[in-house]
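I set out to read through one structure and to record, entry by entry, what I looked up in it.

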Amino acid sequence: MHTTDEDDDDPLPRRTHKPRVRSSAATNLLAAIAVVAVLWWGQRFLIPLTAGLMLVMLVTPLSVALERVVRSRTLATLITLAVVMGTLAAGAAIFGGQLVRVAERTPEMISMAAAKLAERDPGAESVVSRARIALQELDRATERVMSGKPPRPTRRVVAAAAAAAAASAPNTITAGATVALREGAVTGSSALLEFTANLSIVFLIAFFVLIGGKPLTERFLGLWGEHPEVQARAEKALLECAHQVRIYLGVLVVTNAIIGAAVWLAFWAAGLPDAGGWGVTAGLLHVIPYLGMAVLTGLGAAETFLAHGSLGSAAAMAAFIIVMSTLVGTVVTAWLQGRAAKMNPAAVFIGLVFWGCIWGLWGLFLGPALVVVMKVIAAHTRSGQRLAHLMQEAPPG
């Protein structure tokens, strides 16, 4: 068959590729808001699930090693989770013992505070009383201007009326403390029950996932497609997530040890009893960022006040714990986590704030590990490369 020159010059038929559709900024913003809303709305399910899967990532090496020894996956799983539960129980017992000791000495602390208050000169006006009188005068002046009432009484009359009202008022401190204790007991009991329920679900999830073993992992990887390259990328991301979660645990152990040693030395130098126990308690409380150190600050100030009977020494101990916990808990933890995971410390801190706002106490505990897992997943997906680059550690210099 003869072909002309025009036929030779005709281009060969090529497969036309459809241009990749890019989402608009508004669409991306709405998708992000939807994800945040789902995370907040579904936290009762997502928190135990996330904590259980992270627990699996942490204890899988121990479970695999035990399985080689006992020749039973179920027995190895039970032993592994029993070790974790025993560790948690020991920590709770140490912290509970310190809390009980402080509670037993609370009446003594109240008596000492009352004695310090009684030593003050009753004739001298405090800043609080003067501020209260000034605010009362301001209220009366405002009412007079708005309603056209006659001139206000003198300041001496106002002070006398305020003193008489205070003298005739019931013991509001005792009543308020009683109500606060009652409400605190109810709130604390409900929070403890909720935490116990969540922890039980976490261990059940970890048990069934560990029982599934390698076949369950293979079926999970099969959800991402049958292409070998896609499955290999998903497996690499899963292994990297588990590795980073273990690194987070290592960073947590190091920082907790630093804080525990610092508190032990400070309590020992201040001559407080059971300095070693308080050091262990500080290390345990630092597992919960910020809130744990707030509790330790109050307990440490109370113990110092009981030992020395001085508000100044109690304030000094509280200031030391705040500065030390801020330095180690924020700067050192973010730096170590950033170096270990090759992440920007600012991204770690911002992620911690985000997860704390979404999931509360559990978010503060799981936040650093979740940030690293997000970075790993983003680095192994095409659409998340920019996010992974943004979270990556900045080059030196």
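The entries below concern helices, loops, a surface patch, aromatic rings and a few single residues.

**Entry 1. Status of the model.** I note at the outset that this is a predicted model. I therefore looked at local features only where pLDDT is at least 70.

**Entry 2. The loop before H4.** I looked up Arg 71 and found this residue in the loop between helix H3 (43-70) and H4. The phi of Arg 71 is near 60°, a positive value in a residue other than glycine. I recall that most residues other than glycine have a negative phi. I then checked the accessibility of Arg 71: the relative accessible area is 74%, and because exposed means over 50%, Arg 71 is classed as exposed.

**Entry 3. A nonpolar surface patch.** I next asked which residues form a nonpolar patch on the surface. They are Leu 62, Leu 75, Ile 79 and Val 83, and together they have about 290 Å² of accessible area. H4 gives the most to this patch, with three residues. Leu 62, in turn, lies in helix H3. I recorded a relative accessible area of 37% for Leu 62, so this residue is partly exposed.

**Entry 4. Leu 99.** I stayed with H4, which covers residues 73-104, and located Leu 99 in this helix. Is Leu 99 buried, exposed or partly exposed? Its relative accessibility is 38%, so I entered Leu 99 as partly exposed. I also looked up its distance to Thr 281: the two residues are 182 apart in sequence, while their C-alpha atoms are 9.5 Å apart in space.

**Entry 5. Length of H9.** I compared the span of helix H9 (residues 228-269) with expectation. At 1.5 Å a residue, the 42 residues of H9 should span 62 Å. The C-alpha atoms at the ends of H9 are 62 Å apart, which agrees. Just after H9, I found Gly 271 with a positive phi of about 75°.

**Entry 6. Aromatic pairs.** How many aromatic pairs does the structure hold? I entered four. In one of them, the ring centres of Phe 267 and Trp 278 are 5.6 Å apart and the planes stand at 40°, so I recorded the pair as tilted. Phe 267 lies in helix H9 and Trp 278 in helix H10 (residues 275-285), so the pair ties together parts that are eleven residues apart in sequence. Both Phe 267 and Trp 278 are buried.

I then turned to Trp 355 and Trp 359, which form an aromatic pair that is also tilted, with 4.9 Å centre to centre and 55° between the planes. These two residues are four apart in helix H13 (residues 345-379), which means that about one helical turn separates them. Trp 355 has 6% relative accessibility and therefore counts as buried. Trp 359, at 5%, likewise counts as buried. Ring pairs link Phe 354, Trp 355 and Trp 359 into a cluster.

**Entry 7. Thr 297.** My last look-up was Thr 297, which is found in helix H11 (residues 291-308). I noted a relative accessibility of 13% for Thr 297; because buried means under 20%, this threonine counts as buried. Which residues does Thr 297 touch, not counting those up to four places away in sequence? I listed Ala 318, Ile 321 and Ile 322.

Notes: Residues numbered from 1 in each chain as written. Predicted model: local features only at pLDDT ≥ 70, side-chain atom pairs only at ≥ 80, totals over all residues. Heavy atoms only, no water. Buried < 20%, exposed > 50% of the residue type's maximum accessible area, 1.4 Å probe, protein only. Expected span 1.5 Å × (residues − 1). Patch = residues over 30% accessible without salt bridge, like charges linked within 9 Å, V, L, I, M, F, W, Y side chains within 5 Å. Areas by Shrake-Rupley, 256 points an atom, 1.4 Å probe, with all protein chains shown as cover. Salt bridge = Lys/Arg side-chain N within 4 Å of Asp/Glu carboxyl O. Phe/Tyr/Trp six-rings, centres within 6.5 Å; stacked < 30°, edge-to-face > 60°. Contact = heavy atoms within 4.5 Å.
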